[in-house]
Amino acid sequence: MADGTTSTNRLAVLGAQLSSRGYKVEWTQHGMRVINSKVPACCPAAAPREDSITLRRRPEDFDNLWFWTARGEPLAQANRITDAILAVVGLLAHRHPVDGDPLDRDPVDGAGR
């Protein structure tokens with residue numbers, strides 16, 4: 001790369017940033033696995049508990065390096081670490097499922113009508 005930064009370094013920087021935010025980072029043969037231990041393993045509907053992040057070129061973006069999910073979804077350009085952090089945190093955010101229709105809840109206390 002022209003800037004002297006290897007793709008492994010960019011992935012390592014992302015991993016270090018996520019680790020400092022409490023995510024478990026495991027290095028794999030193809031990239032890294034990021035695990036949000038705050039998401040219960042019993043509740044996959046609430047949010048994915050983990051994902052594998054890799055780096056590869058994105059033809060639609062002039063072959064620039066991007067971070068990608070295991071499902072082949074682009075997260076952020078590799079030189080935009082903050083955007084990648086936000087994308088991974090959002091992807092693995094623990095969501096509490098809401099029972100019933102949210103429009104049936106009282107806006108003040110959340111109780112049903």
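Strands are DSSP runs of at least two residues, numbered from the N terminus. In this predicted model, Asp51 falls within one such run, strand S3. The chain as a whole holds two helices and five strands. From the N terminus, these elements follow the order α-β-β-β-β-β-α.

The chain has 113 residues, and 29% of them count as buried. About 7300 Å² of the chain is exposed. Carbon and sulfur atoms supply 53% of that area. Among contacts with a separation of 6 or more, 31% join residues that lie 24 or more positions apart.

The five strands form an open sheet. Their order in the sheet is S1-S2-S3-S4-S5, and the pairing is antiparallel. S1 and S5 are the edge strands, each pairing on one side only. From one strand to the next, the twist averages 30°.

Two of the pairings can be followed in detail. S3 and S4 pair in the antiparallel sense over five bridges. Thr54 has Trp68 of S4 as its bridge partner. S4 also pairs with S5, again antiparallel, over three bridges. Here Trp68 stands opposite Pro74 in S5. Trp68 thus appears in both descriptions, facing Thr54 and Pro74. The hairpin of S4 and S5 has five residues between the strands. Within this hairpin, Gly72 takes a positive phi near 80°.

Helix H2 lies across S2, S3, S4 and S5. The helix runs at about 160° to S5.

The largest nonpolar core contains 19 residues. The members that touch the most others are Leu14, Leu18, Met32, Val34, Ile53, Phe67 and Val88. Six elements each supply at least two residues: helix H1 (7–20), strands S2 (32–35), S3 (50–58), S4 (64–68) and S5 (74–77), and helix H2 (81–91). H2 gives the largest share, five residues. In soluble globular proteins, nonpolar side chains tend to be buried together.

Leu18 illustrates the contacts of one core member. Beyond its neighbours within four places in sequence, Leu18 is in contact with Tyr23, Val25, Met32, Val34, Ile85, Val88 and Val89. Three of these partners, Met32, Val34 and Val88, are also listed among the core residues that touch the most other members.

Asp51 is a buried residue of a charged type in the sheet strand S3. Its relative accessible area is 5%, so Asp51 counts as buried, the cut-off being under 20%. The side chain of Asp51 reaches the backbone nitrogen of Ala70 at 3.1 Å. Leaving out residues up to four places away in sequence, Asp51 touches Met32, Arg33, Val34, Thr69, Ala70, Arg71, Leu91 and Leu92.

Thr28 sits in the loop between strand S1 (24–27) and S2. Thr28 has a relative accessible area of 37%. This value lies between the 20% and 50% limits, so Thr28 is partly exposed. Thr28 and Thr54 are 26 residues apart along the chain. Their C-alpha atoms are separated by 9.7 Å.

Technical notes
Residues numbered from 1 in each chain as written. Predicted model: local features only at pLDDT ≥ 70, side-chain atom pairs only at ≥ 80, totals over all residues. Heavy atoms only, no water. Core = buried A, V, L, I, M, F, W, Y, C linked by side-chain atoms within 4.5 Å. Buried < 20%, exposed > 50% of the residue type's maximum accessible area, 1.4 Å probe, protein only. Helix = DSSP H or I, 4+ residues; strand = E, 2+ residues; numbered from the N terminus. Contact = heavy atoms within 4.5 Å. Areas by Shrake-Rupley, 256 points an atom, 1.4 Å probe, with all protein chains shown as cover. Polar contact = N/O pair within 3.5 Å; in protein donor to acceptor, adjacent residues only side chain to side chain. Pairing = 2+ DSSP bridges. Axes fitted to C-alpha atoms, helices over the stretch in contact; angles between N-to-C directions.
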